[in-house]
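This report describes the strand pairing, the nonpolar core and the charged side-chain pairs of one protein chain. The sequence and the structure are shown below.

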Amino acid sequence: MKINTYEDIALIEREAKKDYIDRHSAFVYCENTAKTGEMFKVKVKVGNQYKHPDDFDHYIAYVQLWNGETMLAQTTLVAGAMGGIPGNVEVDFNIVPQKKLKLTATAYCTKHGLWQSDPVEVEVN
């Protein structure tokens with residue numbers, strides 16, 4: 001399966017391509033430090049400036065959080081989970097880190113495949 005990644009949409013001229021890239025891309029939001037053994041919140045948002053459809057045949061089916069090659073968590077969605085209107089899927093994952101993290105998120109669109117975020121490194125003390 002091809003894994004798509006984010007491209008800086010500020011460098012893209014065509015509006016349709018900006019929309020396509022942005023609304024499918026996963027973005028990881030969290031603090032850059034965490035404490036060993038304590039709950040740590042990681043937000044994953046799919047899309048930033050553009051909203052993704054929530055149609056019966058075109059929606060975000062799942063969002064996953066990874067630490068390197070280890071999947072930490074997954075949220076599965078169904079068509080209509082966003083009320084049937086375009087939106088940005090947002091998922092909060094709470095994890096308990098034991099060592100340094102290299103987090104990435106993936107989002108799967110039923111029409112346009114798998115999309116992966118840029119990695120986010122978190123120091124764990």
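Two strands are taken to pair if DSSP finds at least two bridges between them. The model is a predicted one. On that basis, strands β2 and β4 (residues 40-46) are joined by 4 bridges and run antiparallel. Within this pairing, alanine 26 of the chain lies opposite valine 46 in β4.

**The sheet**

Three strands form an open sheet in the order β2-β4-β7, and their pairing is antiparallel. β2 (26-29) and β7 (90-95) occupy the edges; each has a single partner strand, so one side of each lacks a neighbour in the sheet. From one strand to the next, the twist averages 25 degrees. In general, the strands of a sheet pair through backbone hydrogen bonds.

**The nonpolar core**

The largest nonpolar core contains 23 residues, of which Phe40, Ile60, Val63 and Leu103 touch the most other members. Two or more residues each are given to this core by β2, β4, β5 (60-67), β7, β8 (101-109) and β10 (120-124). The greatest share comes from β8, with 5 residues. Leaving aside residues up to four places away in sequence, valine 63 has contacts that include Val44, Val46, Leu77, Val91 and Phe93. Gln74, Thr75 and Thr106 are also among the residues that valine 63 touches.

**Salt bridges**

Side chains of opposite charge can pair when their charged atoms come close. The structure holds 6 salt bridges, and the table gives three of them.

| Salt bridge | Closest N to O distance |
|---|---|
| Arginine 23 – aspartate 19 | 3.2 Å |
| Lysine 43 – aspartate 92 | 2.9 Å |
| Glutamate 123 – lysine 100 | 3.4 Å |

Arginine 23 and aspartate 19 belong to helix α1 (residues 15-24); because they are 4 residues apart there, about one helical turn separates them. Arginine 23 has a relative accessibility of 17% and therefore counts as buried, the limit being under 20%. Aspartate 19, at 24%, is partly exposed.

The salt bridge between lysine 43 and aspartate 92 links distant parts of the chain, with lysine 43 in strand β4 and aspartate 92 in strand β7, 49 residues apart. Lysine 43 is partly exposed at 23% relative accessibility, and aspartate 92 is partly exposed at 40%.

Glutamate 123 pairs with lysine 100. Glutamate 123 lies in strand β10 and lysine 100 in the loop between β7 and β8, so this salt bridge ties together parts that are 23 residues apart in sequence. Glutamate 123 is partly exposed at 39% relative accessibility, and lysine 100 is partly exposed at 44%. Through shared partners, salt bridges also join Lys41, Lys43, Glu90 and Asp92 into one network.

Notes. Residues are numbered from 1 along each chain as its sequence is written. This is a predicted model: local features need pLDDT of at least 70, side-chain atom pairs count only at pLDDT 80 or more; totals for chains, interfaces and linings use all residues. Side-chain values use heavy atoms; hydrogens and water are left out. Axes are lines fitted to C-alpha atoms, for helices over the stretch in contact, and angles run from 0 to 180 degrees between N-to-C directions. A nonpolar core is a set of buried Ala, Val, Leu, Ile, Met, Phe, Trp, Tyr and Cys residues joined through side-chain atoms within 4.5 Å. Buried means under 20% relative accessible area, exposed over 50%, partly exposed in between (1.4 Å probe, protein chains only). Contact means heavy atoms within 4.5 Å. A salt bridge is a side-chain nitrogen of Lys or Arg within 4 Å of a carboxyl oxygen of Asp or Glu.
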